[in-house]
Amino acid sequence: MLKYLIVLAGLLSCAFAAPPPSHVRRAVTPLSSAALSSLAPFTQFARAAYCPTSKLTGWTCGDACNALPGFQPTLVGGDGNGVQVFFVGFWPQQNTVVVAHEGTDPTQLVSDLTDVNILQDNLDSTLFPGVSSSVTVHDGFRNEHALTAPEILTEVKRLMAAKNTKQVTVIGHSLGGALAELDALFFTLNLPAGTGVKAVTYGTPRVGNTAFAQLIDAKVPDFRRINNELDIVPIVPGRFLGFAHPHGEIHILSPGSAVSCPGDDDATDSQCQIESVPNILEGDILNHLGPYEGISIGTIFCT
């Protein structure tokens, strides 16, 4: 854990260097208990992505898999180091293809180094056709996504045809959330018109610039990014570096209490993440692991 925190500090330090752009005052909306509890299956998918591939293949990953009976994994890959673990499968209960990505494993230094590469670059036009050159993203996230995107897309298309569904759900925590955010745009641009793409991410760092956030807003309306209490990861890399979150923030304030923050990465309400955690000294890295309404996410929670 110590080496993880040392490496992660390089990324987190970006939260200090300059004052952020101005924020916009908007009212938050409290989430009902039903709306909050409805997120639990997605949280379990994010949790499952940290489990060994051998357990994901047979869907025998313990509590996370047991919470999602009937899920049918059809493609499992990655090694948790050079390539983040991922899985693709069909979820009959919601008639959707699911793609989930592992996040940053504190025990795997190579994965951490992906996080501290804070250069921005354009998206690959072969993977993201028609995207303006004004759109830029975290170079490390872009490169990690490109390692598995073609293989995952092929399997998603196959499953959609085999299961006769037009729904795709992308999920991830931490670095996995960043990959899921890129997936959401990737699938929207590469799957047939009429495909419904839903994204649910947890503790996700900022992925790209304002133009990227606005593109997510326009192309992926069904987008939720869930932040837990005083987690510091969602406030990095800093906005002063040109990074921005898209819409869809849900901020868990305490067990059983959460709000929906409208707009993009520009709220002024004290209950939204960039106000409740203005810098990393006022946050808590342990909140990054959860619990997200009773569910903790990370390698040590694959039980």
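**Exercise 1. State what percentage of the protein chain's 303 residues count as buried.**

Step 1. Fix the term. Buried means under 20% relative accessible area, exposed over 50%, and partly exposed in between, with a 1.4 Å probe and protein chains only.
Step 2. Read off the share. Of the 303 residues of the protein chain, 54% count as buried.
Step 3. Add the surface. The accessible surface of the chain comes to about 11600 Å², and 56% of that belongs to carbon and sulfur atoms. Such areas come from the Shrake-Rupley method with a 1.4 Å probe; for residues, only the protein chains shown count as cover.

This is a predicted model: local features need pLDDT of at least 70, side-chain atom pairs count only at pLDDT 80 or more, and totals for chains, interfaces and linings use all residues. Residues are numbered from 1 along each chain as its sequence is written, and side-chain values use heavy atoms, with hydrogens and water left out.

**Exercise 2. Find the stretches where pLDDT is below 50.**

Step 1. Define the score. pLDDT is the predictor's confidence in each residue, from 0 to 100.
Step 2. Take the chain as a whole. The mean pLDDT is 88, and 87% of the residues reach 70 or more.
Step 3. Locate the stretches. Residues 1-21 have pLDDT below 50. Residues 106-115 also fall below 50.
Step 4. Check their contacts, meaning heavy atoms within 4.5 Å. Beyond near neighbours in sequence, residues 1-21 have 40 contacts in the model. For residues 106-115 the count is 27.

**Exercise 3. Count the helices and strands of the protein chain.**

Step 1. Set the rule. Helices (H or I, at least four residues) and strands (E, at least two) are DSSP runs, numbered from the N terminus.
Step 2. Count. The chain has 10 helices and 13 strands.
Step 3. Look at sequence distance. Among contacts between residues at least 6 apart in sequence, 71% join residues at least 24 apart.

**Exercise 4. Work out which element gives the most to the largest nonpolar core.**

Step 1. Define the core. A nonpolar core is a set of buried Ala, Val, Leu, Ile, Met, Phe, Trp, Tyr and Cys residues joined through side-chain atoms within 4.5 Å.
Step 2. Find the hubs. Of the 38 residues in the largest core, Val88, Val156, Val168, Val170, Leu182, Phe187 and Phe212 touch the most other members.
Step 3. List the suppliers. At least two residues each come from S3 (86-91), S4 (96-101), H7 (139-163), S7 (167-173), H8 (175-190), S8 (196-202) and H9 (210-219).
Step 4. Pick the main one. Helix H8 gives the most, with nine residues.
Step 5. Inspect one hub. Leaving out residues up to four places away in sequence, Phe187 touches Val99, Ile152, Leu153, Val156, Val168, Val170 and Val197.
Step 6. Note the other core. A second, separate core has 32 residues, among them Leu31, Phe45, Tyr50 and Leu56.

**Exercise 5. Decide how well helix H3 is covered, and by what.**

Step 1. Count. H3 spans residues 40-48, and seven of its nine residues are buried.
Step 2. Name them. They are Phe42, Thr43, Gln44, Phe45, Ala46, Arg47 and Ala48.
Step 3. Find the cover. It includes helices H4 (53-57) and H5 (63-66), plus S3, S4, S7 and S8.

**Exercise 6. Trace helix H7 and locate its bend.**

Step 1. Compare spans. H7 has 25 residues and reaches 35 Å from first C-alpha to last, close to the 36 Å expected. The expected span is 1.5 Å times one less than the number of residues.
Step 2. Find the bend. H7 bends by about 45° at alanine 149, and proline 150 follows within four residues. The bend is the angle between axes fitted to the seven residues ending there and the seven starting there.
Step 3. Examine glutamate 155, a residue of H7. Glutamate 155 counts as buried because its relative accessibility is 11%. Beyond neighbours within four places in sequence, glutamate 155 contacts Thr74, Leu75 and Val88.
Step 4. Go past the end. Asparagine 164 follows H7 and has a positive phi, near 55°.

**Exercise 7. Locate two cis peptide bonds and the prolines in them.**

Step 1. Take valine 236 and proline 237. Their bond is cis, with omega about -15°. Proline 237 lies in the loop between S10 (223-228) and S11 (243-244).
Step 2. Take glycine 290 and proline 291. Their bond is cis, with omega near 0°. Proline 291 sits in the segment after helix H10 (273-276).
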